[in-house]
Amino acid sequence: MGSIFLSELIGTALLVLLGCGVVANVALTGSKGHGGGWLLVSFGWGLAVFAGVYTAARSGAHLNPAVTLGLWIAGQDFAPGVAAGLPHAAVYMAGQLIGAMAGAVLVYLCYKKHFDAETDAGAVLGVFVTGSAIRTPAWNVLTETIATFVLVYVVLLLGGTPSGLGPLAVALLVVGIGASLGGPTGYALNPARDLGPRIVHALLRLGRKTGSDWAYAWIPVAGPFLGGLVAGLAYHVSPLPL
């Protein structure tokens, strides 16, 4: 259990460090990547997933409570020799949340001077959390549900293919989701990825900060969990790859 927790913590920390790091590079004034655009963010997050999955291979590299839930509902082992169940799920999700918080702190340390110089509180918040382009909670939840369904469902099916693509396939999948479905909500896809950095944003003393937008915070948690649940159920009735 300890090695699962540590594996998920380190893998999720790297995921958030590189993922929120690319957002900071694009969003914060004065950064060399400032204004790099949505495709840079999408590819940055994809490569963040690539690094995180490789790092957390020992635990099966969930890095995401929605993936853990999807595997559980689908009846798949969490990792070789690790059966799906509530005690293991709790350890996975705790490691993911704490790892996401650690990654967010590391992003802050890397970009400390840029956070100090930034005058736009919205840009500062956007480094840590996702948000909707048009705030309509029901539609925002639906977008996150659909996008996370794609992620978890394909991840479940990848486990049954003989391709051996592993982390690269998941990384390219995340790039595709970001490029295709990320516009309405910023594609959280992962309750820990949004909640952990949001907590860190609330705790940090940042020069330009209003609030942490807790009114929106339930959406990138509820939507991904729903998507993972539906993906796990769909796995039971889907034609599996040969």
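This report walks through the overall build of the predicted protein chain and then looks at arginine 193.

The model is predicted, so to read it fairly: local features need pLDDT of at least 70, side-chain atom pairs count only at pLDDT 80 or more, and totals for chains, interfaces and linings use all residues. Residues are numbered from 1 along each chain as its sequence is written, and side-chain values use heavy atoms, leaving out hydrogens and water.

**Overall build**

The protein chain holds ten helices and zero strands (DSSP runs: H or I of at least four residues for helices, E of at least two for strands, numbered from the N terminus). Its radius of gyration, 17 Å, is close to the 18 Å that the globule rule gives for 242 residues, so the chain is as compact as a globular protein of that length. Here the radius is taken over C-alpha atoms, and the rule is 2.2 Å times the number of residues to the power 0.38.

| Property of the protein chain | Value |
|---|---|
| C-alpha span along principal axes | about 55 × 35 × 30 Å |
| Residues that count as buried | 50% of 242 residues |
| Exposed area | about 10,600 Å² |
| Carbon and sulfur share of the exposed area | 72% |

Buried means under 20% relative accessible area with a 1.4 Å probe, protein chains only; areas come from the Shrake-Rupley method with a 1.4 Å probe.

**Arginine 193**

Arginine 193 sits in helix α9, residues 191-203. This arginine is buried yet has no salt bridge (a side-chain nitrogen of Lys or Arg within 4 Å of a carboxyl oxygen of Asp or Glu). Aspartate 194 is the nearest side chain of opposite charge, 4.6 Å away. Leaving aside residues up to four places away in sequence, arginine 193 touches Val16, Cys20, Trp45, Ala100, Phe128, Val129, Thr130 and Ala188, where contact means heavy atoms within 4.5 Å.

How values were computed
Lys and Arg count as positive and Asp and Glu as negative; His and the chain ends are not counted.
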